[in-house]
Structures are given as structure tokens and as C-alpha cells.
Amino acid sequence: MSTNWDLLIENHFDNKKNDTLKVLSEAVREVIAEMPIKDDILLTEEQAPSGKSFSMSIPIPRLVPSEAWGDPSSQSRQDVDRVFASVTRKGGDMKGRIAHVATFLDPAQAVKKAPGGKVNTILNMMQIIEALQAALNDFNESSAGFVFEGFMAALTGGRQEADRVGGTLPIEDFVTADEVNVSLKLLSPNTPIHGSFTNLIDYLFIRGGNGVPSIKYLIAYKDSEDHAVARLSFWDFLISRENFVDLMVKSGNSNLFGSVAAQMKQHIASHQESNEWKLTMKQLLLQTSGYNQKLGMFVKNLSDEGEFFIGAEAGPDPAIKNRQYQLMLKQGRISDLKDAAEEEGAKAAKSGGPTFQDWIADLDLTELPRVGLKSRTEFDDDMEFFWNRGFESVSKEEEVTESYFGTFHESEKRHMKEELLLEARGGEGKKSQFSISRGGMNAIKRLAGTTSYGELDMSQGNIDQLVEIYIGKLGDDLMTLLENTKNFSENIGRYFSADDRSEAAMANKTARDQGKEIVTSLEEREKEEEI
């Protein structure tokens, strides 16, 4: 049930202040929306970023980035669009928006920023920087990339790309507001840029039937300090149909073409949206060493006549997926029963309880799924096996632990060794990867327009300087207003959530007092702005 904050607040103040209260309640509603009950927006104290951050000195809400930020229709994205509007409402391309954030992180430029009407921009930028710090440092490696993509999609007013496009998974990670497809890489300074040669060719020349003319690569090189990303240096370059072959050769990837690089370049120069062109391209690709001869779209999605089609493998039939899901549920039911047998066997050993035969005779199996069962006898044998394992675990716990889990770890080690051997030999997937080093990225500048965006400095020392500068910009009165607003929202939350009603009553009284101070402060600021 939603709470009418306007009514709750107005019950405590005179009607003559209703106009001011409308302004206050709107501001408070935004603050309350950031409270811990909305976990995708506000970090708790336990989740607060390690190290110095703006919110440790200035009472601003903390934004928690997520992959959902990349979806303009998601509630999370709509919640943060108000904050990102400080960057996105001015328009500008991707480079311009990143540069705008960089000016906020430059102490020399921060000193020149005007207070007053720019206060909202300062506060919003603080939240954006902290969200970026969280995206880079507060997630494990497998999640951080997706969250960073979502952050960049929000920063550029665009959208994250995850679903299939034109019959294949996209190589672009997000699309900007001005419809530029971007492949985002977050790398250490000496880590090469890697990508699928096959997927890049499919994207440029056949995805959706005729391909997409170009893709921009945005590289964020990271520098760490105290185990956290402290600085980012952004670069970009463009791979297009026109520069594709020369760029791959110039960056040291000519081996992927085999002996047909020159023929490929000539054929691409005569690019046209015809079946004959695609069939010739296919024949050239089959002679390369880098193009996947089984999974490439020129093989999978091109008929003998040169017609592009999207096969059934491009997306499972929803009905089939549902049947598979229902099958999984039935298999889960069987698995649960076996787990229950093992648990009951252990209980029986401890308490001298029923025998397995008595226990299973009392078990309701009228809706037993017939998944993976050859017969009821086979099922009973399996159940008895798990029952006995649970029963024996009570008297042989140490022996079971050593043999069972020891075997697991040995199997795991063997599996890992096999993977390492496959990597050392070099599988088909590895051969089809292109690689561009940091030096190679500079070498392709004439071809790809390699551009440096400069640096975002989020280091400890820089944040310390900025905190002092921006506290001075905000002024004592506004700092007090922010602190009161933060405490006000916390006390309202405490009033509704506290089990101890005496504590709740105290929070209620404190919130009323703070609310009066906020109203007075807002009225004074409004008068100052009118003057």
C-alpha cells in the first residue's frame, strides 16, 4: 500500500504553509524514494563504498547501479534519469558527456563552478560519480561488466543491448541516444582488446540480412589504488566495412585471413546488398583461418541461393521452452524426494525412528512425476540408497566427508587441467579471436580515428580536494538543509518500521521538529532567490 506523504506532513503544519510544503514534500518524496526499502537505489551503511566518497562528507543519497539501468523502460532507469539529466539534458555525443563528468572531477575547474542555480548539478554529479565507483568496485568480475554497461547506457541516454538482433547475439554492448552502436571494454593498461573475428564479420556484412556499416569500440583503461579503481582513461576507435581488412592487418591480425586478405579487401570494396555478393563473401570466408566454419552466419544463415534467413536456433520456441521448464520442475520434485530420503534416514539413525520400508509406505506418491523413471522399483531403489546414505552418515560422518568430498575435489582438479590443456593446444574459438594491443590501437589511428577522451580521476586525494571545494560551494546553510532532510527521511522510516513504539514516537517528534526547520530553511532560500 502506498503512503500519502503529503498528508502525513501537512497534518503537522499550519495550512498557511501549504504552498511551501508542496515543494518540501516533493523534495522529501524524492529522498524517501532513496531509502533502504528500495534496495536498487540506496546503499545501506554496510554496503557503503570503501574509501572516501562524497556522501561520507556531504549527505546525499547513494545510487546503486545495476544492469537494469541499461533498459529505459525499467523502473530503476526511470528513477535515475532525473539524476543523469544533469548530463543528458544538454545533449552532446558520448565523448562530450564523459568530458562533462571529467570537468566535475577536475579541482581547477570545480573552483570556477558557480553556486546557486548550479547546486542541483553539483549534487547530481556527486551521485553519478559514486554510482560509477560502485559499478567498478562493488560487484564481482562476472557482474561488473554488465553493470558498467548499464551505467554507460544511462550516461549516454541510450540502452543496453542484450537480446538477439538480426538473428544473432549483438557485439554492441549499448546503443547511445543518437543510435551509435558501442562495444565497451574495461581493461587494465596492458591488456589487449579481444573480440570474435566471426561475430565482427557477421555484424558488418550479414546481420539482419545486409549487416551494419560500423561499430564504435569504447575502451576504458583502469588504474587501481588500494584495490579499487581510482582512475579511468577513455579511448575510442571505429571499425567499419571500409577499414576492416586494413585495420586487422595493421593491428597484427592478418593471420586470421589466411591467404585471402587482398581478395577480401577487394570484394568488400565492391559491397552491395545482393545474393551474389554474399555467396562470394561466403566462399572467401571458408578459405580463412579465423572465420568459424560451423557457427558463422554466412554458413548457418545463408541458403545455397544466397538468401539470408534466421533459423530456428536463433531463438527457442516459447512453447518448447515452457515444456523444458515444466520438465525441470518435475525433475526437481524427484530430486527433492531423494534429499528428503537422505534427511529422514539420518533422523532415523539418531532417534531409532521408522525403517525405510515403513517411511516410504507412508509417503504420499500419488502425484509422483514419471520423469527419468524406468519403473517404480528403480525409484524405490534410488530412494533407499539415499536413505541409507543419510542413515550411515550419522555413524560414519568423518569417513563419508573425507571420501565423498575428496573425490569431488579430485574430479574438479582433473577438469581444470583438461581445460588448461585445451587452451594450450588452441581450440577453434581461440583461433577466431582478434587482438588489438594498446600500441596497436594507436597504430590504427589513421584508419580508425583513435581518440583519447582524457581521464576521470576518482582517486582518494582528488576526492578529498573536491569535497572541500564543493562543501564551500554549497555553503553552511545548504549543508544543514541536506543533513536535516536526510535525518528527516530516516526518522520517518524509523517511525513506520520500529517495533518499539516508544522509539517510533520519539522518531515522530524528531521528524516534526526537523520538518519545521526544513520548511523555514526552504522559505529563506526562496526569498534569497527572489532577491
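Helices here are DSSP runs of at least four residues and strands are runs of at least two, both numbered from the N terminus. Counted that way, the protein comes to 21 helices and eight strands. Keep in mind as you look around that this is a predicted model.

Let's start with the whole chain. The protein has 531 residues, and 42% of them count as buried. If you take the contacts between residues at least 6 apart in sequence, 67% of them join residues at least 24 apart.

Now for the inside. The largest nonpolar core has 44 residues, and Met152, Leu232 and Phe234 are the ones with the most contacts inside it. Helix α6 gives the most to this core, with eight residues. There's also a second, separate core of 41 residues, and Val212, Tyr217, Phe257 and Met441 are among its members.

It's worth pausing at phenylalanine 234. Leaving out residues up to four places away in sequence, Phe234 touches a list that includes Ile98, Phe148 and Met152. Further along the chain, Phe234 also touches Thr451, Ser452, Tyr453, Gly454 and Leu456.

Next, go back to α6, which covers residues 119-137, and find α3, which covers residues 75-88. The axes of these two helices come within 9 Å and cross at roughly 110°. Angles from 65 to 115 degrees count as roughly perpendicular, and α3 and α6 are therefore roughly perpendicular to each other. On the α3 side, the contact is made by Arg82, Val83, Phe84, Ser86 and Val87. On the α6 side, the residues are Asn120, Thr121, Asn124, Met125, Gln127 and Ile128. Sorted by class, this contact is a mix of five nonpolar, five polar and one charged residues.

Helix α10, residues 261-269, is a nice one to look at from both sides. Which of its residues are buried? They are Ala261, Met264, His267 and Ile268. These four cover an arc of only 125° around the axis, so they sit on the same side of α10. An α-helix has 3.6 residues a turn, so residues three or four places apart point the same way. The buried residues of α10 pack against α8 (197-205), α9 (244-250) and α11 (275-285). Turn to the face that points away from the buried side and you'll meet the exposed residues Ala262, Gln266 and Ala269.

For a single residue in a helix, try threonine 103, which has its place in α4 (residues 94-104). Is threonine 103 buried or exposed? The cut-off for buried is under 20% relative accessible area, and threonine 103 counts as buried because its relative accessibility is 18%. Setting aside neighbours within four places in sequence, threonine 103 is in contact with Gln109, Ala110 and Lys113.

Last, a look at two loops. Most residues other than glycine have a negative phi. Glutamate 179, however, has a positive phi near 60°. You'll find glutamate 179 in the loop between β2 (174-175) and β3 (181-187), and it is exposed, with a relative accessible area of 51%. Histidine 227 has a positive phi too, of about 65°, although it is not a glycine. Histidine 227 is in the loop between β5 (214-225) and β6 (228-240). At 86% relative accessibility, histidine 227 counts as exposed.

Conventions. Residues numbered from 1 in each chain as written. Predicted model: local features only at pLDDT ≥ 70, side-chain atom pairs only at ≥ 80, totals over all residues. Heavy atoms only, no water. Axes fitted to C-alpha atoms, helices over the stretch in contact; angles between N-to-C directions. Parallel < 35°, antiparallel > 145°, perpendicular 65-115°, else oblique. Contact = heavy atoms within 4.5 Å. Nonpolar A, V, L, I, M, F, W, Y, C, P; charged D, E, K, R; others polar. Core = buried A, V, L, I, M, F, W, Y, C linked by side-chain atoms within 4.5 Å. Buried < 20%, exposed > 50% of the residue type's maximum accessible area, 1.4 Å probe, protein only. Arc of directions from axis to C-beta.
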